[in-house]
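Got your viewer open and a selection tool ready? Follow along from stop to stop, and pick out each group of residues before reading what is there.

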Amino acid sequence: MRAIISEKEVQDTVLGVFKYDENIHLWRRNIGGVNVANTNGKKRFVRFCQAGQSDLYGYVNIICSKCGTITKGIHVEIEIKASNGHLTTLQEQWIAQTLDNDAIAFVFKPRTNEELLNCRKIIVEEINKHCPHCKRADSQEKRPEKRTIGVEEFKRRYGKAKKRVSPKSR
Ligand SMILES: [Mg+2]
Ligand SMILES: [Zn+2]
């Protein structure tokens, strides 16, 4: 086992694995820029994409083994990391923003060769965690208890219910 797996190797492997996949479509984002010369000879820097955006992007069909539904065309962002890589703040923010908008975003950082070889399984599992049907059912289960309580419950908690005073009897 090698000590470090480079980001380029991870990226090439992932792109290769899903190249002909019917449900997971990924492209590489060229982040960075080049110096180009204008016709007048002046150089200027042309930036591609925004710092923090993920290395790979695309769309996927979520095939959920839990509930058996297929959800097509969900946007995905995957930040690729070398086995010793770290997320920058901007990368973290990009992922958070993507998730906030109900698209999929995650980091793929294989720590071992085995994890790299298993990238298909790991990535498919990560994507399928985002099944919108299962997420909805989940959030309904975790919904906090009702805020209103009945008269009986009020009495149990706070003693006698307050008597209503009608304007006439005042
Ligand atoms: Mg990266
Ligand atoms: Zn599901």
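Start in the middle. Select Val14, Val60, Phe108 and Ile127: these have the most contacts inside the largest nonpolar core, which has 19 residues. Keep in mind that you are looking at a predicted model. Now colour the elements that feed this core: helix 1, strand 1 (24-28), strand 4 (56-63), strand 5 (70-80), helix 2 (89-100), strand 6 (104-108) and helix 4 each supply at least two of its residues. As background, nonpolar side chains tend to be buried together in soluble globular proteins.

Stay on Phe108 for a moment. Which residues is Phe108 in contact with, once its neighbours within four places in sequence are left aside? Show Val10, Val14, Ile78, Ile80, Cys119 and Ile123, and you have them.

**Zooming out**

Switch to a cartoon of the protein chain, and you can tick off 6 helices and 6 strands. Walk from the N terminus and the elements come in the order α-β-β-β-β-β-α-β-α-α-α-α. Of the 170 residues in the protein chain, 15% count as buried. If you look at contacts between residues at least 6 apart in sequence, 64% of them join residues at least 24 apart.

**The sheet**

Next, select strands 1, 4, 5 and 6. Together these 4 strands make an open sheet, in the order 1-4-5-6, with mixed pairing. Strand 1 and strand 6 are the edges: each has a single partner strand, so one side of each has no neighbour in the sheet. On average, neighbouring strands here are turned by 25° against each other, ignoring direction.

Take the pairs one by one. As a reminder, strands of a sheet pair through backbone hydrogen bonds, either parallel or antiparallel.

- Strand 1 with strand 4: the two run antiparallel and are joined by 5 bridges. Click on His25, then on Tyr59, its bridge partner in strand 4.
- Strand 4 with strand 5: this pairing is antiparallel too, over 7 bridges. Click on Val60, whose bridge partner in strand 5 is Ile74. Val60 is also among the residues with the most contacts inside the largest nonpolar core.
- Strand 5 with strand 6: here the sense is parallel, over 5 bridges. Find Glu77 and you will see Ala105 of strand 6 opposite.

Now add helix 2 to the view. Helix 2 packs on the sheet, where it touches strand 5 and strand 6, and its direction makes about 170° with that of strand 5.

**Where two helices cross**

Hide the sheet and select helix 1 (residues 7-17) and helix 4 (residues 119-128). Their axes come within 10 Å and cross at roughly 75°, so the two helices are roughly perpendicular to each other. Show side chains for Thr13, Val14 and Val17 on helix 1, and for Cys119, Arg120 and Ile123 on helix 4: these residues make the contact. By class, that gives 4 nonpolar, 1 polar and 1 charged residues.

While helix 4 is on screen, click on Glu126, which sits in this helix. Is Glu126 buried or exposed? Partly exposed, with 16 other C-beta atoms within 10 Å. Bring back Ala105 and compare positions: Glu126 and Ala105 are 21 residues apart along the chain, and their C-alpha atoms are separated by 9.2 Å.

**Turns and loops with a positive phi**

Four stops remain, and a phi readout helps with each.

Go to the hairpin of strand 4 and strand 5, which has 6 residues between the strands; Gly68 there takes a positive phi near 80°.

Then visit Cys49, in the loop between strand 3 (43-48) and strand 4. This residue is not a glycine, yet its phi is positive, near 65°. Cys49 is partly exposed, with 13 other C-beta atoms within 10 Å.

Asp102 is in the loop between helix 2 and strand 6. Asp102 is no glycine either, and has a positive phi of about 65°. With 11 other C-beta atoms within 10 Å, Asp102 is exposed.

Finish at helix 6 (residues 151-158). How many of its 8 residues are buried? The number is 0, so helix 6 lies largely in the open. Right after helix 6 comes Gly159, with a positive phi near 85°.

How values were computed
Residues are numbered from 1 along each chain as its sequence is written. Chains are lettered from A and ligands numbered from 1 in the order in which they are written. This is a predicted model: local features need pLDDT of at least 70, side-chain atom pairs count only at pLDDT 80 or more; totals for chains, interfaces and linings use all residues. Axes are lines fitted to C-alpha atoms, for helices over the stretch in contact, and angles run from 0 to 180 degrees between N-to-C directions. Angles under 35 degrees count as roughly parallel, over 145 as roughly antiparallel, 65 to 115 as roughly perpendicular and the rest as oblique. Two residues are in contact if their C-beta atoms, placed from the backbone, lie within 7 Å. Ala, Val, Leu, Ile, Met, Phe, Trp, Tyr, Cys and Pro count as nonpolar, Asp, Glu, Lys and Arg as charged, and the others, Gly among them, as polar. A nonpolar core is a set of buried Ala, Val, Leu, Ile, Met, Phe, Trp, Tyr and Cys residues joined through C-beta atoms within 7 Å. A residue is buried if 20 or more other C-beta atoms lie within 10 Å of its own, exposed if 12 or fewer, and partly exposed in between; C-beta atoms are placed from the backbone. Two strands pair if DSSP finds at least two bridges between them.
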